[in-house]
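Visitor: I should like to go through this structure with you, one question at a time. Please begin once it is displayed.

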Amino acid sequence: MTDRYEVLSPVGEAEIPEPRRNAPRLDRLEGRVVGLFENNKRAAPGILEVVERELRARVPGVRFSRFRHPHNRELLGEELLAFRRWVAEVDAVVGAVGD
Amino acid sequence: MYNLVEVEKLGKPAVALCNVGFAADARSAAMVKGYPALRVVLERVPCEATDGESIERGVVEAIGEVIRALTVPLQEEEWEEAVGRMAAWRPGEARGVVYRGNYEEVNRYFYRMGWTDGLPIVPPTPRAVEEMLRGTDLEPDHVVAHLPPRMGKATVEKIAVNAVMAGALPTHLPVIIAAVEALVDPSAWYGTYQVSTGSWAPFVVVNGPVRRDVGLNCSSGALSPGNMANAAIGRAIRLVDRNIGGVRPGIEDMGVFGNPGKYTLVLGENEEESPWEPLHVEQGFGREESAVSVFFPNTYVQAVAMGTDPESLVLTLARNVPAGKRNALTAILMIPDHARILAQAGWSKQEVVRRVVEVARIPRYRSPYMPPERAEGLSPRELPQREEDWMPAWTDPAQIRLVVTGGPGSFMALWISSGLMPARWVTKRVRLPKAWGRLVVRYRGIVPRHTG
Amino acid sequence: MYNLVEVEKLGKPAVALCNVGFVQDAVASAAVRGVPGLRIVPEEIPSECTSREEIHSGVDRVFDQILRALLDPPTDRESSPEAQGLQEEGVEGVVYRGTLEEVNRYFYRMGWTDGLPIVPPTPRAVEEMLRGTDLEPDHVVAHLPPRMGKATVEKIAVNAVMAGALPTHLPVVIAAVEALLDPRTWFGTYQVSTGSWAPFVVVNGPVRRDVGLNCSSGALSPGNMANAAIGRALSLVIRNIGGARPGIEDMGVLGNPGKWSMVAGEWEELSPWPPLHVDEGLSPERSAVSVIFVNTFVQVLGYGSEPEDLVRSLTYNIPPTKKDATAALLLPPHLARILAQAGWQKQDVVDFVWRYTQVPACQHPDWVRARRLGERHTRIGAVDPHVAVQVLGRKEVIRVVVVGGPGNVMGIVLGGGIMPAQWVTRQVQLPRTWGRLVTRYRGVVPRVR
Amino acid sequence: MYEVLSPVGKTELPQPQPIAPRLGSLEGRVIGLFVNSKPVAPVLLERVEELLRDRVGARTERFRHPHNRELLGEELLAFRRWVAEVDAVVGAVGD
């Protein structure tokens with residue numbers, strides 16, 4: 001076949017931020033407040049309940065705080081502000097994602 | 001996932017507890033937000049689990065990893081691997097020519113790059129893309145939308161590249177652009193549906209004069225292969241979704257079984273044979289305007305009418321809603337013959353929908369939201385007799401749109417989405433270029449001879 | 001129509017009373033059978049009408065035409081008919097020369113494509129495709145209705161090239177064509193029916209891995225060349241060799257995107273149960289395709305994650321109109337394992353779904369129809385409206401297929417019940433040089449996965 | 001440039017045949033009514049039957065098609081015997 005094609009890319013440019021490092025970890029969980037972030041998938045409350053109980057059994061003095069995601073897309077506006085206020089009050093967050 | 005990234009941004013450690021099947025999906029979502037090393041702990045709890053025992057087992061197995069993820073500092077090799085994964089994930093954004101080769105080579109290269117749906121594409125050469133751009137007066141670098149999950153820039157030119165690949169004609173471009181605008185309207189919940197396990201496909205109804213201008217099939221077999229406009233417009237939308245939005249099957253698109261509607265799912269309303277006002281008029285547009293309307297179904301039910309009197313037609317629709325589909329956005333597809341029978345009874349589109357909603361009832365225990373203990377008492381052997389044991393399949397007629405389409409016969413159809421998200425039908429106007437008339441004349445002849 | 005042609009051939013006058021929307025279809029079908037002049041009287045009674053008066057007045061309006069069709073002597077054209085352009089096609093050798101765009105537009109204009117770009121079927125590409133089989137190019141695999149076109153291995157290869165298939169896909173396409181032609185699929189009826197039926201193809205055995213079929217997440221979505229091209233090739237064979245043109249022979253009212261391609265591999269490696277082809281009597285190391293015609297596809301979130309929840313999600317979501325239907329119940333491997341661990345076999349799932357898919361009689365289509373036509377004396381018409389009746393009458397045509405990715409979703413793929421169609425399984429015959437062929441094409445896969 | 005093959009399968013179509021001679025009159029003739037398996041057919045042909053009897057004085061004989069595909073084997077033979085006993089046939093087709 002003698003045909004030759006010069007072709008353009010179909011991929012859209014994306015404004016993906018430069019990779020950023022994770023926040024520093026905690027040196028210990030003892031006495032800290034662990035936030036439990038619950039998405040609205042059916043299994044999430046049950047999973048986080050077991051997480052809470054198991055952490056409590058292994059980590060003396062750990063405390064918990066829950067945040068319930070009202071739907072399953074990104075938080076915006078007032079909801080985001082409420083979420084940020086909640087994050088400010090905890091030391092770390094465990095979230096259940098992916099069904 | 002996005003919310004856990006927010007936690008990291010606020011300087012607090014986060015960990016995502018994630019079903020093992022969704023690992024790549026979770027990492028991809030974190031990368032989009034610039035946190036490729038966000039810690040994901042995999043668990044083996046069955047998806048959407050409802051039994052305590054398997055949740056217990058799955059979480060206990062993973063709890064040690066959760067503690068480590070919150071306390072062990074980020075390791076250098078962990079970081080480098082994450083950055084490498086992110087770099088490898090961003091190919092092809094380059095402008096200009098990205099590949100040279102013969103037809104087969106171009107097709108294989110594009111397939112290997114993950115840029116096609118597995119079927120042959122038309123090579124998007126600069127010349128073909130330039131011709132495609134005659135379909136719009138918008139500037140090539142005009143940004144129509146940012147498409148999730150990558151938030152890729154859907155410029156007019158990139159949309160045109162994907163339209164060429166799909167086999168679309170320049171006359172199809174304005175419809176494709178309008179459909180992209182409709183998808184990103186927040187009311188459509190595109191970002192959720194395009195990646196969900198439910199395998200939802202964009203369903204596109206085209207209204208107005210543009211249907212005839214581009215030769216869209218509004219009649220027999222409108223949703224089958226065979227017509228270039230229906231086929232290529234829908235395929236172009238899906239390629240835009242894949243290549244600009246960045247949805248890869250099995251990674252971002254977690255549809256469990258998949259959906260052949262994702263090849264293309266585009267039809268025109270048969271306005272000429274409909275006794276009622278067309279969908280876009282119902283949505284607030286003028287009859288002489290052209291428009292596209294979209295939503296995301298994953299279920300297709302076709303049913304022979306139980307009778308041809310108005311009540312039987314309504315009953316056929318009402319009785320065939322699967323019980324798990326409560327309160328779901330729905331399209332009723334109705335052939336012109338049935339529409340006329342209902343119109344002759346004096347019913348408007350809205351009246352037909354209202355009656356369907358009124359009649360459609362499902363036994364309560366068949367709702368997915370009913371705990372199994374309750375269902376025990378009501379075995380399927382004894383269907384409930386009391387009114388309070390039945391519940392409406394839809395609570396709001398606004399969830400349903402009736403579209404007149406299709407050919408002779410007696411089938412009725414429902415395309416059904418979900419009631420989980422508060423999504424709505426979205427309609428956008430199709431904007432035609434100034435030279436539209438000439439463009440239509442140029443491409444009008446490309447039709448199969450048996451339809452002529 | 002075929003039976004009325006038979007009447008003419010026996011020397012007696014025949015008249016076909018035909019719904020006005022189906023006249024073109026009836027004309028084409030009479031011509032194929034050799035009596036192009038068969039007299040057709042169009043009537044305008046709504047399809048599947050249930051009003052006796054409406055049917056009668058529809059007949060009254062055309063009765064004079066019926067009389068004339070029985071009495072008026074044949075015209076010249078009816079006495080010495082010509083084959084109306086049906087034989088000009090099916091040409092051998094090179095039929096067109098042009099650029100990629102010209103070839104695509106020519107094929108589309110001729111009605112030979114589905115509207116999407118094709119790979120030009122050059123002699124060289126077809127020759128390469130034919131490496132996928134040891135059968136001779138002129139071996140006739142089947143005669144495909146309605147045109148009774150000869151599906152030679154070469155013609156199947158031409159359509160496979162157009163679809164974008166690889167030579168390794170050819171044996172699967174050929175096996176699927178053989179399966180279609182088994183009378184138990186009722187292919188001849190389904191492919192032209194108003195119900196918009198698409199062939200649903202399940203592939204089993206080692207060939208799945210050899211050709212890279214997707215058995216996992218999104219198996220029925222676009223994205224994988226093997227799933228996409230095998231199904232599309234089958235669809236093009238039906239169109240170009242069988243001659244089912246949309247709106248003329250294929251009278252599918254609303255259409256079905258499943259006609260693009262609906263091909264899935266069973267995920268045997270992760271399934272706790274014997275694969276479909278083994279249940280059909282083949283040994284596990286054989287490869288096979290299994291086919292039914294479907295027009296309804298329901299996907300539903302599981303009602304829970306315990307065995308009873310899973311089977312309930314299936315039974316409550318089968319529309320009553322799909323009575324007696326052929327069915328595929330799709331379960332992803334992790335849900336199949338939940339059932340298997342509780343002792344359920346595939347057949348137990350089938351038994352449960354068959355038994356408990358029930359509706360009150362007043363929702364059953366046969367009951368409604370019987371009452372509308374005043375037939376209280378029929379078996380279903382006599383039932384009390386609130387008594388539960390079974391929807392799926394034929395347990396033997398329901399199959400469980402393990403396929404799909406993570407996520408708690410179940411799939412129900414439903415065929416027809418009016419015709420007594422069944423599942424048909426055919427073994428895939430591989431060429432002697434299969435190993436080399438697989439090596440040659442194995443690399444054609446997306447980079448990310 | 002591509003040189004391409006046709007995807008269309010060859011057919012072995014029968015030689016086209018003329019339609020059978022028509023009847024001079026219907027009076028006293030036996031008209032066969034071919035009832036296919038579509039639900040509308042029996043009701044539709046019942047009206048044709050009434051009209052043929054009342055308006056042109058013809059008699060009718062019914063043949064009920066057991067399914068909706070081509071008749072073969074024993075069924076076809078039974079159909080041919082039935083055709084031999086009538087003078088013409090009216091059938092309902094196409095839904």
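Visitor: How much area does chain B expose, and what percentage of it do carbon and sulfur atoms supply?

Guide: This is a predicted model, in which local features need pLDDT of at least 70 and side-chain atom pairs count only at pLDDT 80 or more, while totals for chains, interfaces and linings use all residues. Residues are numbered from 1 along each chain as its sequence is written, chains are lettered from A and ligands numbered from 1 in the order in which they are written, and side-chain values use heavy atoms, with hydrogens and water left out. Accessible areas come from the Shrake-Rupley method with a 1.4 Å probe, and for residues only the protein chains shown count as cover. Chain B exposes about 14,500 Å², of which carbon and sulfur atoms supply 50%.

Visitor: What radius of gyration does chain B have, and what would a compact globule have?

Guide: The C-alpha atoms of chain B fill a box of roughly 75 × 70 × 35 Å along the principal axes. The radius of gyration is taken over C-alpha atoms, and the globule rule is 2.2 Å times the number of residues to the power 0.38. For 452 residues the rule gives a radius near 22 Å, and chain B agrees with 24 Å.

Visitor: How many helices and strands does chain B have?

Guide: Helices (H or I, at least four residues) and strands (E, at least two) are DSSP runs, numbered from the N terminus. By this assignment, the secondary structure of chain B comes to 17 helices and 15 strands.

Visitor: What percentage of the residues in chain B is buried?

Guide: A residue is buried under 20% relative accessible area, exposed over 50% and partly exposed in between, with a 1.4 Å probe and protein chains only. In chain B, the buried part of the 452 residues is 68%.

Visitor: Which residues of β1(B) point one way, and which the other way?

Guide: In a regular strand the side chains alternate between the two faces of the sheet. Strand β1 (residues 14-19) of chain B is largely enclosed by the rest of the structure, because 6 of its 6 residues are buried. One way point B:A14, B:A16 and B:C18, and the other way B:V15, B:L17 and B:N19.

Visitor: Which residue is the bridge partner of A:G95 in β1(B)?

Guide: Two strands pair if DSSP finds at least two bridges between them. Within chain B, β1(B) runs parallel to strand β2 (residues 39-43), joined by 5 bridges, and B:N19 has B:E43 as its partner there. Across chains, β1(B) pairs in the parallel sense with strand β4 (residues 92-97) of chain A over 5 bridges. The partner of A:G95 is B:A16.

Visitor: Which strands of chain B are joined to β6(B), and in which sense do they run?

Guide: β6(B) is largely enclosed by the rest of the structure, since 5 of its 5 residues are buried. B:F203, B:V205 and B:N207 cover one side, and B:V204 and B:V206 the other. Through 5 bridges β6(B) is joined to the antiparallel strand β8 (residues 291-295), and through 3 bridges to the parallel strand β7 (residues 266-268). The bridge partners are B:V292 for B:V206 and B:L267 for B:V205.

Visitor: Where does B:S199 lie, and what is its phi?

Guide: Most residues other than glycine have a negative phi, and most peptide bonds are trans. B:S199 is in the loop between α9 (190-193) and β6 (203-207) of chain B, and counts as buried at 1% relative accessibility. Although B:S199 is not a glycine, its phi is positive, about 55°.

Visitor: Which residues does the cis peptide bond of chain C join?

Guide: The bond involves C:P146, found in the loop between β4 (140-144) and β5 (149-152) of chain C. With omega about 0°, the bond joins C:P145 and C:P146.

Visitor: Which residues does C:V300 touch, not counting those up to four places away in sequence?

Guide: C:V300 is found in strand β8 (residues 288-301) of chain C and is buried, with a relative accessible area of 3%. Contact means heavy atoms within 4.5 Å. By that rule C:V300 touches B:G324, C:S313, C:N317, C:N408, C:V409 and C:M410.
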